[in-house]
Amino acid sequence: MTTPNLVYERPEAFTDTPTHYCPGCTHGVAHRLVAEVLEEMNIMDKTIGVAPVGCAVFAYNYFDVDFVEAPHGRAPAMATGIKRVLPDRVVFTYQGDGDLASIGMGEIVHAAARGENLTVIFINNANFGMTGGQMAPTTLPGMKTSSSQNGRDVETQGYPIKVSEMLSTLEGVGYCVRRSLHDPKNIRLAKKAIRMAFESQVRGLGFSMVELLSTCPTNWGMTPVNSLKFIEEHMVPAYPLGDYKVSDAIKQIKI
Amino acid sequence: MTKELWKGNEAIAEAAVRAGLEAYFGYPITPQTEVLEYLSRRMPELGRAFVQAESELGAVNMVYGAACTGVRVMSSSSSPGVSLMMEGLSYIAGTEVPAVLVNVMRGGPGLGNIAPAQSDYNQAVHGGGHGDYPRIVLAPASVQEAIDLTVLSFDLAEKYRMICMLILDGAIGQMMEPAEMPEMKPVQRKDFDWATNGTMGKRDRRLLTSIYLNPLDEEQTNLRLFNRWKEVQASEVRYKEYFIEDAEIVIVGFGTAGRVALSAVRAAREQGIKVGLLRPITVSPFPTERLDQLTGQARAFLVTEMNTGQMLNDVQLAVRGRVPVEFYGRPGGVVPFPDEILGEIKRIISAPATVDTDARDAWLTRMTQHA
Amino acid sequence: MQKEIIISGFGGQGVLFAGQVVAYAAMDSGKQVTWIPSYGPEMRGGTANCTVVIADHEIGSPLVKNPPFVIALNLPSFDKYEPLMQAGGTLIVNQSMVDHQARRNDIHVLMVPCNEIAEEIGDKKLMNMVSVGALLSGLTEVSLKEVEKALEAHLPARHKHLLPKNYEALKRGFEHAQKEWDKVPA
């Protein structure tokens with residue numbers, strides 16, 4: 001029984017397993033937003049999630065829906081295989097920036113180009129979290145990581161990849177937006193975007209992706225609060241928030 | 001059903017369709033491409049899934065995804081493409097989901113060439129992806145056998161929740177022979193108790209993963225896989241014998257090398273030489289027990305392959321040094337002619353090796369002298 | 001019984017289909033048969049060849065080193081296969097495309113102007129069928145009638161109207177080759 005003034009509870013789409021994420025990491029927030037959306041849309045029964053390799057490798061332990069665990073970067077290919085044989089199910093991948101933007105760049109670009117009717121939740125925290133904070137394709141110029149110890153030198157280590165901007169150029173993409181998890185207002189906007197992405201999939205409107213700027217206090221070597229500030233002050237300018245592509249059909253969706 | 005002239009690659013594609021293939025994911029590569037081309041037309045016509053993936057890496061992971069839902073799924077490729085698929089195969093094995101993969105082998109290593117070869121035997125049978133895992137490997141030697149084994153591969157993969165691979169060389173892929181197709185089987189989705197196809201409100205959620213973070217759990221998984229493998233070894237060994245009854249020399253060869261050897265055996269028999277052929281159809285599980293029996297009868301074995309001696313090791317393990325095991329191979333995409341194998345049979349009679357002879361070394365020496 | 005036939009020529013001369021027609025005829029008359037093409041880059045513009053093996057037992061090697069039957073539709077094929085032929089074999093040469101005589105005298109060489117005969121029939125593409133007709137004059141395991149039936153059964157529907165001309169090409173090739181046999185030293 002719920003009490004009359006209950007304002008917060010664990011979403012039904014979550015299992016009882018406590019997450020393994022570091023204190024202050026926004027993976028937990030992102031998970032919760034996805035769980036709330038699955039529950040609100042009442043699609044848990046027909047949802048199949050695809051977990052990545054990276055910090056979210058155990059995402060499958062937290063969502064109370066069918067889940068599979070993909071090889072590093074291959075979640076969009078696995079999701080394609082599932083969705084093509086079960087088109088009436090809801091299939092989503094949850095991928096970090098090492099998984100999606102580095103080793104899995106081929107899979108994500110082609111799933112998007114084919115217009116696979118999938119939803120991708122893309123966590124951009126500017127480093128490889130699970131292996132201990134190495135440089136990712138999304139690491140900011142000058143940012144120190146364990147494999148760019150003097151700061152990312154763009155002359156030898158290249159420039160950050162702006163995934164949302166890139167994928168939004170593809171015809172097969174229906175919905176492609178970037179949001180951030182650094183404050184309550186942005187978190188609310190992020191949830192709305194995640195809802196739109198799943199609503200788009202349920203309607204068969206093509207590939208949908210929500211990129212979420214996310215913290216990594218442990219590997220960034222910052223307090224959780226400073227990590228949130230870092231997003232606002234450094235990540236957002238480099239990765240501007242906004243709608244990179246929203247197809248006309250998706251614009252008609254009223255939530 | 002009447003016989004039709006079928007090309008090996010297209011026959012495999014149609015046989016898979018008739019066995020209830022629900023999804024195919026592939027990438028073009030010679031000499032396998034006809035499988036992809038054929039299914040690009042056939043699958044959509046039947047309302048089934050077909051995707052030309054961005055790479056073999058993409059293809060095998062699409063197979064992995066579809067396999068997790070419990071449908072019949074396959075991919076096909078040729079040597080370099082299969083190398084790229086090894087990541088996915090290891091995951092599929094670790095997750096214990098059924099999948100079928102066809103390797104129409106070509107000359108290697110590297111880009112090699114597109115001529116028929118059997119140089120991926122070790123990769124298929126002993127190696128491939130990382131980690132300990134068994135897999136079923138079938139080696140058809142004719143178009144009819146390619147059809148029959150394609151159908152069988154889906155049954156075996158499902159029965160043992162295991163990868164079932166077909167390895168054939170480009171010659172069988174490209175060859176046309178009269179063959180009979182099985183009846184079209186309607187797609188029957190089995191309600192596997194492991195498939196992640198959405199709970200649909202009827203059951204608890206399921207998880208398919210190859211992660212066992214606790215080494216003791218992974219160890220149990222490894223043991224489970226290999227205990228299941230013992231069942232496969234006990235029940236699924238297949239081979240075909242020719243002129244074996246009174247054979248004093250037994251040739252062992254699979255696929256095209258096996259059928260070329262058959263021509264040599266016939267020619268030798270015409271000259272009164274008591275030679276027979278054992279052609280493994282399952283190269284994994286390997287007909288070790290039968291070879292062990294034949295060791296009591298044969299005074300020598302001759303292994304013929306289109307590689308530098310890969311199955312040779314499996315024959316040696318079965319024979320265990322009791323009689324000489326000799327080798328003749330043509331690697332790199334060269335298909336031997338029967339007279340070469342006939343020559344080897346005659347050499348074995350006139351200048352037999354001993355059990356101490358290093359078969360590959362002796363072969364290399366002979367090859368170098370002839371060159 | 002086992003017979004091997006290699007058919008070789010330029011891509012576009014209908015080499016592979018000629019082999020398939022022979023293979024179909026052999027299959028329809030209850031024989032074992034294999035047909036194997038050369039494949040890959042060599043298909044593009046270069047020479048193409050296929051090997052057909054016909055037998056009354058399970059066929060071993062689908063390839064043959066010293067063929068007893070060869071159809072050489074162009075000069076490179078003539079030069080390539082003449083030295084490889086089995087002694088006593090039969091070599092059909094498309095006389096329209098070669099500029100010299102055979103060098104060996106231990107094989108039967110039948111010179112057939114396939115292009116000219118096909119043009120007389122009114123379709124130069126039928127030169128491959130002319131050569132198949134000529135082959136059948138020496139390959140007694142497959143009859144002209146069986147090849148005609150195979151064409152009727154397996155020619156794609158859109159080409160069915162070409163059947164009479166195909167039959168004529170086969171017959172003309174067969175007849176021309178028969179005359180050549182008279183000239184062949186035994």
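**View 1. Strand E2 of chain A, flanked by E1(A) and by a strand from chain B.** In this predicted model, Gly49(A) sits opposite Phe67(A) of E2(A). That pair belongs to the parallel pairing of strand E1 (residues 47–51) of chain A with E2(A), which has four bridges. E2 of chain A covers residues 66–69 and also pairs with E9(B), again in parallel, through two bridges. Look at Phe67(A) once more: Leu207(B) is its bridge partner in E9(B). One residue further on, Val68(A) stands opposite Leu208(B) of E9(B).

**View 2. The two faces of E2(A).** In a regular strand, side chains alternate between the two faces of the sheet. Are the residues on the two sides of E2(A) buried or exposed? Asp66(A) and Val68(A) are on one side, Phe67(A) and Glu69(A) on the other, and all are buried, so both faces of this strand are covered.

**View 3. The contact between chains A and B.** Two pairs of chains touch, and the A and B pair has the most contacts. Chain B puts in 35 residues and chain A 28. On the chain B side, the elements giving at least two residues each are strand E2 (23–26), strand E3 (49–52), helix H3 (56–68), helix H4 (79–95) and strand E9 (207–208). Which of them gives the most? That would be H3(B), with nine residues. Sorted by class, the chain B side comes out at 17 nonpolar, 13 polar and five charged residues.

**View 4. Helix H4 of chain A and its surroundings.** Zoom in on H4(A), residues 105–113, and you find Glu107(A), Ile108(A), His110(A), Ala111(A) and Ala112(A) as its buried residues. What do they pack against? Within chain A, the partners are helix H2 (75–85), helix H3 (97–103), helix H6 (163–167), strand E7 (173–180) and strand E8 (207–213). H3 of chain B joins that list too, and H3(B) is also the element that gives the most to the side of chain B that touches chain A. Just past the end of H4(A), Gly115(A) has a positive phi of about 65 degrees.

**View 5. The contact between chains B and C.** Here chain C brings 16 residues and chain B brings 20. On the chain C side, helix H1 (15–28) and strand E2 (32–37) are the elements that give two or more residues. E2(C) has the largest share, with five residues. By class, the chain C side has ten nonpolar, five polar and one charged residues. Chains A and C, by contrast, have no contact, and their closest C-alpha atoms are 28 Å apart.

**View 6. A helix crossing in chain C.** Helix H3 (residues 114–121) and helix H4 (residues 127–136) of chain C have axes that come within 8 Å and cross at roughly 115 degrees. The crossing of H3(C) and H4(C) is right-handed. From H3(C), the residues involved are Cys114(C), Asn115(C), Ile117(C) and Ala118(C). They meet Met127(C), Val130(C) and Ser131(C) of H4(C). That contact has five nonpolar and two polar residues, with no charged ones.

**View 7. The two domains of chain B.** Chain B splits into domain 1 (4–235) and domain 2 (240–370). Taken over C-alpha atoms, the domain centres lie 29 Å apart. Domain 1 of chain B uses 25 residues to contact 22 residues of domain 2. The domain 1 side draws two or more residues from each of helix H5 (121–125), strand E6 (136–138), strand E7 (163–169), helix H7 (170–174) and helix H8 (215–235) of chain B. By class, this side has 15 nonpolar, seven polar and three charged residues.

**View 8. Trp363 of chain B.** Trp363(B) is in helix H13 (residues 359–370) of chain B. Why does Trp363(B) count as buried? Because 21 other C-beta atoms lie within 10 Å, and 20 or more are enough for that label. Setting aside neighbours within four places in sequence, Trp363(B) contacts Gly309(B), Phe327(B), Tyr328(B) and Gly329(B). For a sense of scale, the C-alpha atoms of Trp363(B) and Glu22(B) are 46 Å apart, with their positions 341 residues apart along the chain.

Notes:
Residues numbered from 1 in each chain as written. Chains lettered and ligands numbered in written order. Predicted model: local features only at pLDDT ≥ 70, side-chain atom pairs only at ≥ 80, totals over all residues. Domains from an automatic or database assignment. Contact = placed C-beta atoms within 7 Å. Nonpolar A, V, L, I, M, F, W, Y, C, P; charged D, E, K, R; others polar. Axes fitted to C-alpha atoms, helices over the stretch in contact; angles between N-to-C directions. Left-handed = near helix turned anticlockwise from the far one by under 90°. Pairing = 2+ DSSP bridges. Buried ≥ 20, exposed ≤ 12 C-beta atoms within 10 Å, placed from the backbone.
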